[in-house]
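Q: I would like to learn how to read the features of a helical model, beginning with burial and ending with single residues. Could we take them one at a time?

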Amino acid sequence: MIVARFALAWTVFAVWTIAVFTALEARWPRVRAPIRWRVIAVGAGLLFVDAAVTRLLTMRAPTATWTDALLAWLVAELLLYWVHRAMHGVPWLWRFHRLHHRSDPLAWSHAWHIHPVDAALFATAVTTASLIVGASLPIAAALVVGRRAWSVLLHANVIWPASMLDHIIATPPFHHRHHREDLRTANFAGTLPIIDRVFGTWDRSIDSPSRSHHLKRTM
Ligand SMILES: [Zn+2]
Ligand SMILES: [Zn+2]
C-alpha cells in the first residue's frame, strides 16, 4: 500500500511537471533550445531514486504543527546552504554534484539531475534540521518535496525579469547566477537569499544566458 501510494504520488508529480514546464519553456523561453527528452527521462529516473531515498529516511507517523514546519525549514535552509557549499569546495563531493552542473543550457530538467549521493545528503540535512527543532520526520519529507518542486522553477528556461523578489526568495535569475561558470560561484541558497548575504556569497548580477557553459569550480 505504501509502495503503491508512493508510486502514484511520484507519477502525478513527474507527469504534471513535465507537461507544465515543457510547455512554459516552449512558450516563453529565455534561450531557444530543443526539448531534451532523453535528459528528461534520465532525470525522471534520478528523481525516482531521490524520492525513494527521502521516503525511506523520513518514514514515521505525522505530528506536525505550522511552527514546527517553519522552524524546520529555517534550520534546514541553513544546513543545506553549507552542504551545497561543501559540494563545490570539497573535491570528492564535487564529483557527485557536477552531475547537476552539466554544461548544456539550463532548463527545468536540471532540477532532477541530482546524483543519489547528493539526494541522500540533502535529505539527511533536512531530516537533521527537523530532529534539531523537534519536528516530525514527515515534515522533513514535505520540505524535501517542496524544495524539489521549487527547484524546477529555479532552473526553468523561462523569461523571468529580475525584481525585488530576488531579495526575499530564490528565483530563476538568482539560481541561474549560481550556474554561471565564468564567474565566482555564488547564490548557494535554495530558497532564502538572505543566507548568501549573511555569508558573503550573494550576487544579484543580471545573468547573461549566452555565457552560461562549462562550470568552473570555485568557492
Ligand atoms: Zn551547485
Ligand atoms: Zn541548480
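A: We begin with burial: a residue is buried if 20 or more other C-beta atoms lie within 10 Å of its own, and exposed if 12 or fewer do. In this predicted model, buried residues make up 38% of the 219 residues in the chain.

Q: Which secondary-structure elements does the chain hold, and in what order do they run?

A: The chain has nine helices and zero strands, and from the N terminus on its elements run α-α-α-α-α-α-α-α-α. As for contacts within the chain, among those with a separation of 6 or more, 71% join residues 24 or more positions apart.

Q: How do I read the length of a helix, and what span does α3 reach?

A: The general idea is to set the distance between the end C-alpha atoms against the span expected at 1.5 Å a residue. Helix α3, with 24 residues, reaches 34 Å from its first C-alpha to its last, which is close to the expected 34 Å. For α5, which has 17 residues, the reach is 24 Å, again close to the expected 24 Å.

Q: Which residues of α3 are buried, and against which helices do they pack?

A: A general point helps in reading such a list: an α-helix has 3.6 residues a turn, so residues three or four places apart point the same way. In α3 the buried residues are Ala69, Ala72, Trp73, Ala76, Glu77, Leu80, Tyr81, Val83, His84 and Met87. They pack against α4 (91-97), α5, α6 and α9.

Q: How is the packing of two helices described, and at what angle do α3 and α5 cross?

A: One looks at the approach of the axes, the crossing angle, the handedness and then the residues in contact. The axes of α3 (residues 66-89) and α5 (residues 116-132) come within 8 Å and cross at roughly 145°, and the crossing is right-handed. On the α3 side the contact is made by Ala72, Val75, Ala76, Leu79, Leu80, Val83 and Met87, while α5 contributes Asp118, Leu121, Phe122, Ala125, Val126, Thr128, Ala129, Ser130 and Ile132. By class, this contact has 13 nonpolar, two polar and one charged residues.

Q: Which residues of α5 are buried, and what follows that helix?

A: The buried residues of α5 are Asp118, Ala119, Leu121, Phe122, Ala123, Ala125, Val126, Thr127, Ala129 and Ser130. After α5 comes Gly134, whose phi is positive, near 80°.

Q: How are α3 and α6 oriented to each other?

A: The angle decides the description, and here the axes of α3 and α6 (residues 137-155) come within 10 Å and cross at roughly 60°. The two helices are therefore oblique to each other, and their crossing is right-handed. Asp68, Ala69, Ala72, Trp73 and Ala76 of α3 make the contact with Ile139, Ala140 and Leu143 of α6. These residues divide into seven nonpolar, no polar and one charged.

Q: How can I read a single position such as Ala72: is it buried or exposed, and which residues does it touch?

A: The general approach is to place the residue in its element, count its neighbours and then list its contacts. Ala72 lies in helix α3 and counts as buried because 27 C-beta neighbours lie inside 10 Å. Leaving aside residues up to four places away in sequence, Ala72 touches Ala129, Ser130, Val133, Ala135, Ile139, Ala140 and Leu143. Ala72 and Ile132 are 60 residues apart in sequence, yet their C-alpha atoms are 7.9 Å apart in space.

Q: What does the same reading give for Leu154 and Trp28?

A: Leu154, in helix α6, counts as buried, with 24 C-beta neighbours inside 10 Å. Apart from residues up to four places away in sequence, Leu154 touches Ala111, Ala170, Pro172 and His175, and its C-alpha is 7.7 Å from that of Pro173, 19 residues apart in sequence. Trp28, by contrast, lies in the loop between α1 (2-27) and α2 (37-57) and counts as exposed, with 12 C-beta neighbours inside 10 Å. With the same exclusion along the sequence, Trp28 touches Val158 and Ile159, while Trp28 and Asn157, 129 residues apart in sequence, are 8.1 Å apart from C-alpha to C-alpha.

Q: Where is Asn187 found, and what is its phi?

A: Asn187 is found in the loop between α8 (172-178) and α9 (193-198). Its phi is near 55°, a positive value in a residue other than glycine, and Asn187 is buried, with 25 other C-beta atoms within 10 Å.

Definitions and conventions: Residues numbered from 1 in each chain as written. Chains lettered and ligands numbered in written order. Predicted model: local features only at pLDDT ≥ 70, side-chain atom pairs only at ≥ 80, totals over all residues. Axes fitted to C-alpha atoms, helices over the stretch in contact; angles between N-to-C directions. Helix = DSSP H or I, 4+ residues; strand = E, 2+ residues; numbered from the N terminus. Left-handed = near helix turned anticlockwise from the far one by under 90°. Contact = placed C-beta atoms within 7 Å. Nonpolar A, V, L, I, M, F, W, Y, C, P; charged D, E, K, R; others polar. Expected span 1.5 Å × (residues − 1). Parallel < 35°, antiparallel > 145°, perpendicular 65-115°, else oblique.
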